Each structure stands twice: as C-alpha cells, then as structure tokens.
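Biologist: Before we look at anything together, I would like to learn how to read the empty spaces and the surface of a model. Could you take me through them one feature after another?

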Amino acid sequence: MGSVAEPKQQGWQLSSANLPSRENEHPFVSNLETGRPDKTSSLTHCICNNIEKEYAESDPLLPNGFFGTSSASGTILQDEPQNSHGQEMPGESVRAMVIQILVPFLLAGFGTVLAGMLLDIVQHWDVFRNVTEIFILVPPLLGLKGNLEMTLASRLSTAVNVGRMNSTSERWNLIIGNLALKQVQATVLGFLAALVASALGWILEEQLIVNHVALLCCCSVLTAFMASFLQGIIMVGVIVGSKKVGINPDNIATPIAASFGDLITLGLLAIISQGFFYYMEPYPYIAYLVCILFVCLIPLWVIISFRHPASHNLLYSSWEPIVTAMVISSLGGLILDRTISDPNLEGIVVYTPVINGVGGNLVSIQASRIATYLHFHCTLGELPDDAKRCYCPCRSFCAKGPNGRSAQVLLALAIPGHLVFFYTIYLIQGSPTPPTPVFISFYLAAAFTQVFLLLCTADVMVNCLWRYGRDPDSFSIPYLTALGDLLGIAFLALCFHLMSLMT
C-alpha cells in the first residue's frame with residue numbers, strides 16, 4: 001500500500017512545483033498528467049458535485065458516471081460499459097425476499113380484513129343509509145394509500161437504496177418536503193373526490209341536496225387530511241428504521257403503508273361523517289366552515305413544500321396521476337354503490353377492501369422494485385435491452401433477474417394469501433354455514449386474474465414511464481392501485497352475480 005501511495009505523493013509534488021494554480025481543476029485531470037489516474041478522487045469529486053445539485057423527483061436518483069462501492073468488499077467498482085450508468089444492486093436471495101415480503105403482506109391483508117368487517121358494520125349507520133353517495137366516496141379515500149402513502153413509500157425507498165438519505169440534512173429535506181406535499185395532495189384530492197361522488201350520485205338519483213354535498217366535502221377533506229398525516233409519519237419511521245436494520249424498504253414499505261391504512265381511513269370516515277351528519281341539522285354551517293378552514297391551510301403546505309427541492313417539482317408534475325387515479329377509483333365506488341343496493345349481491349362489501357387491498361399491495365411492491373432497478377441501471381429515458389423488445393407476459397414472470405423472480409413470488413402469494421384472509425373473515429363473522437367450494441373457486445379465480453393483470457401492467461407501465469422521462473416512483477403506483485380497485489370490485493361483483501344465477 002505504501003509503494004502505491006509514495007509515487008502518487010511525488011506526482012502531486014511535481015505538478016505543484018511546475019504548474020500554475022489548479023484549485024478549480026478536476027482532480028482526475030491532474031492525476032492523468034502524472035500517469036496515475038486516481039479513481040477515488042474522481043469519485044469524490046462526482047459525489048460532491050451531485051450533493052450540491054438540487055434534485056427534482058423526476059430526475060434519475062443516480063447521476064451519470066457514478067459508480068459506488070461494493071457492499072461486500074468495500075472496494076471501488078471498475079468502469080462499466082458506456083451504456084450502463086448505475087452501480088451494482090445488492091444481492092438478494094429468493095428466501096430473503098419471501099421472508100421480507102411475507103410478514104408485511106400478511107399484516108396488510110389482516111388490515112384489509114378488519115376494514116372489510118368495519119365497512120360491513122358501518123353500512124347500516126344513519127349517514128350511510130341517508131347519504132348513499134358516501135359509498136362512492138369509499139374507494140377513492142381508501143385509494144389515497146396508493147395515491148399518496150405508497151407513492152411516498154416508493155420514493156423514499158428508492159432514495160434510501162441509492163444513498164440519498166445518508167446525509168442528515170438531505171434526509172430531513174426529503175421527509176419534510178414530501179410530508180408537506182402529501183398534505184396539499186390529500187386536501188385537494190379529498191375535496192375533488194367528494195365533488196365527483198356528488199356528481200355521480202346526482203346523475204344516478206337525478207337530485208342534488210346541497211347540504212349532502214357540503215357534508216361529503218367536509219368529511220372527505222377532514223378524513224383525507226388526518227389519515228394522510230398519520231400514515232405519513234408511520235411511513236417515514238418504517239423506512240428509516242428498515243435502513244438501520246438492513247432490510248430492503250422496497251419489500252416492506254408499501255405493504256405496511258397499506259396495513260392499517262384502510263382501517264384508519266375507513267374508521268375516520270365513518271366517525272367523522274356520522275358526527276357531522278347529526279350536527280348538520282342544528283348547525284348546518286359547520287361543514288362549510290371546516291371546508292373553508294382546510295382550504296385556507298393549503299398555501300401553508302405549498303410554501304413548506306416549495307422550499308424543499310425534493311418536493312418542489314412534484315408540486316407541478318404530480319397531479320395528473322393522482323387525480324386520474326381518483327377518478328378511476330370513483331368508478332369502482334359507483335359499482336360498489338350499485339351492488340350494495342342489490343339484495344342478490346349481499347355480502348360483497350366485506351370482501352371489497354380485501355381483494356382491492358391485496359392486489360394493490362402486491363403490485364405496489366413490484367412497481368417499487370422495478371423503479372429501483374431502473375434507477376440503479378439506467379439513466380432516465382433509457383431502458384435495459386430486455387425491456388426494449390415487444391412485450392410478452394412471459395417477460396414479466398419468466399425473465400431472468402430480480403424483477404422476474406419477484407413477479408413469480410408475488411403471483412404465488414396471491415392464492416394462499418387470499419385463502420388465509422377468506423377464512424379469517426369466515427371465522428370472525430361466525431357464520432353457521434361455510435362458503436361453498438364454487439364461490440371460493442370463483443373468488444380465487446377473480447383474485448388471481450386481478451393480480452396477474454396488475455403485475456403485467458406494472459411491467460409495461462413502469463418501463464414506459466421511465467422511457468418517456470417520468471419517474472415511476474411518483475407516477476406508476478396511483479394508476480396501478482386505482483386499476484386494482486376497479487378490477488377488484490368489477491371481478492367481485494361478477495363472482496356474486498354468477499353465484500346468484502346458479503342459486
């Protein structure tokens with residue numbers, strides 16, 4: 001080691017003695033003149049330059065030419081071919097991946113089971129019976145975990161994996177900026193979801209009650225704001241904690257984001273709407289005041305979010321996917337509203353959060369993993385060679401590499417997971433007659449088809465978004481979870497309809 005360091009020192013002395021001041025010169029250039037390129041100096045200069053740069057979330061998280069250190073050996077990696085700009089991803093065995101995914105997946109599944117049981121209870125409350133548009137509001141509000149929480153989890157997981165949260169100041173910039181952005185999005189989405197639910201209810205019922213619209217707006221905004229704040233804090237703790245214990249946050253963050261997200265959101269919606277429903281009669285203005293208060297808080301969150309480079313760009317670019325996803329989820333809510341009123345489809349409300357939640361959880365893990373893979377191996381706008389060919393479903397499940405293995409694991413978890421959750425519902429309900437094998441077969445076929453289609457869509461969508469210069473961490477999950485809600489409710493309604501035809 002000493003024999004290498006000594007000539008390097010002499011080279012620096014020679015250049016210092018014979019050449020003018022070189023304070024602003026790239027260290028790699030000065031070392032070239034000594035005949036000894038210092039790769040460590042070049043790497044350090046690259047890192048320093050990129051730390052000073054203000055990033056937008058749509059930028060690639062790994063700068064061009066950055067080659068990190070090997071986690072196994074601690075040595076600097078050698079130059080890779082010119083068309084590769086990422087560092088090597090840490091190795092992950094199938095066993096480790098399954099273990100890391102399984103626990104939060106089951107936890108998230110049991111959360112959706114409890115949410116389904118809660119929805120089955122609150123559907124008989126006065127507010128749900130008198131303001132039926134609230135059923136249209138349920139999927140969009142529950143979908144906020146996909147639009148906001150899972151998107152936040154995916155962004156921060158990628159940031160952790162590529163080393164953007166190693167610095168304390170950078171970590172807090174990412175956290176504060178993203179949490180403030182989430183509150184802006186939650187308030188706006190809650191308000192828009194209530195307006196869409198009111199419009200759809202007006203079209204179906206051909207009547208519009210202004211106090212019901214105010215009630216929906218008040219309850220939706222308040223529920224979205226509180227649920228987003230609570231779940232955002234939980235997400236930050238999970239991701240920072242997983243980094244410290246050496247667990248890949250891509251495997252656990254999005255399922256944990258959904259674990260109690262449905263339960264928290266649905267519980268808040270039921271309690272808040274029931275309370276305001278009773279207070280609206282003697283004090284009809286209270287709902288309007290609450291809406292005005294939360295709308296007036298939007299500029300505060302915008303200012304906080306605008307000051308942090310991590311969320312600055314997303315203030316402008318993040319609205320398209322989350323608003324579109326909210327509209328798609330509202331269509332699912334419209335189906336739910338129609339099916340609940342049909343006596344032949346009684347019982348569908350219990351399984352709706354489960355089939356929607358499981359599909360959304362699994363596809364969010366895959367989308368987050370593919371996004372991390374692209375951040376490591378490609379610059380924004382470029383795709384790996386295997387993704388440039390014509391798409392075939394076999395590519396999603398049979399391809400070699402981490403994405404193919406994870407798709408196989410996630411698809412394999414769908415049937416056993418749903419069986420566990422299905423019988424958990426049966427045991428909690430205490431029904432004297434167990435579900436028939438025909439209904440179980442229909443349900444599992446619907447769930448498997450939903451997950452299969454979502455995983456295929458995730459492969460295409462994430463790569464397409466990356467190809468067209470959009471960061472999939474911010475754009476893909478809202479679309480995928482909303483599509484999961486629509487497919488889940490539609491397939492579930494089809495199952496119950498087929499069962500009603502057979503009886």
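Modeller: Let us begin with a lining: α7 gives the most to the lining of the second largest cavity, with 5 residues. Helices here are DSSP runs (H or I, at least four residues), numbered from the N terminus. Please keep in mind that this is a predicted model, in which local features need pLDDT of at least 70 and side-chain atom pairs count only at pLDDT 80 or more, while totals for chains, interfaces and linings use all residues. Residues are numbered from 1 along each chain as its sequence is written, and side-chain values use heavy atoms, with hydrogens and water left out.

Biologist: How is a cavity found, and how many cavities of 30 Å³ or more does the structure hold?

Modeller: Rolling a probe the size of a water molecule over the atoms shows where empty space is left. On a 1 Å grid over the protein atoms alone, a cavity is a set of points where a 1.4 Å probe fits but cannot get out, and its lining residues have an atom within 4 Å of a point. Grid points are joined across faces, edges and corners, and the volume is the space filled by probe spheres set on the points. By this reading the structure holds 5 cavities of 30 Å³ or more, and the second largest has a volume of about 60 Å³.

Biologist: Which residues line the second largest cavity?

Modeller: Among them are N147, L148, T151, L152 and R155, together with K182 and Q185; α7 (144-161) and α8 (168-205) each supply at least two residues of this lining.

Biologist: And what is the volume of the largest cavity?

Modeller: The largest cavity has a volume of about 90 Å³, and of the 14 residues that line it, P139, L142, P353, N356 and D485 are the closest to its centre. The largest share of that lining, 4 residues, comes from α17.

Biologist: Turning to the surface, which residues form a nonpolar patch?

Modeller: A nonpolar patch joins side chains of Val, Leu, Ile, Met, Phe, Trp or Tyr within 5 Å, taking residues with over 30% relative accessible area and no salt bridge (a side-chain nitrogen of Lys or Arg within 4 Å of a carboxyl oxygen of Asp or Glu). Accessible areas come from the Shrake-Rupley method with a 1.4 Å probe, and for residues only the protein chains shown count as cover. Here V210, Y279, Y283, Y285, Y288, L289 and I292 form such a patch, with about 760 Å² of accessible area together. Helix α12 (residues 286-296) supplies the largest share, 3 residues, while Y279 is found in helix α11 (residues 261-279).

Definitions and conventions: 1 Å grid on protein atoms, 1.4 Å probe; cavity = no way out; pocket = protein on both sides within 12 Å on 5 of 7 lines; lining within 4 Å. Patch = residues over 30% accessible without salt bridge, like charges linked within 9 Å, V, L, I, M, F, W, Y side chains within 5 Å.
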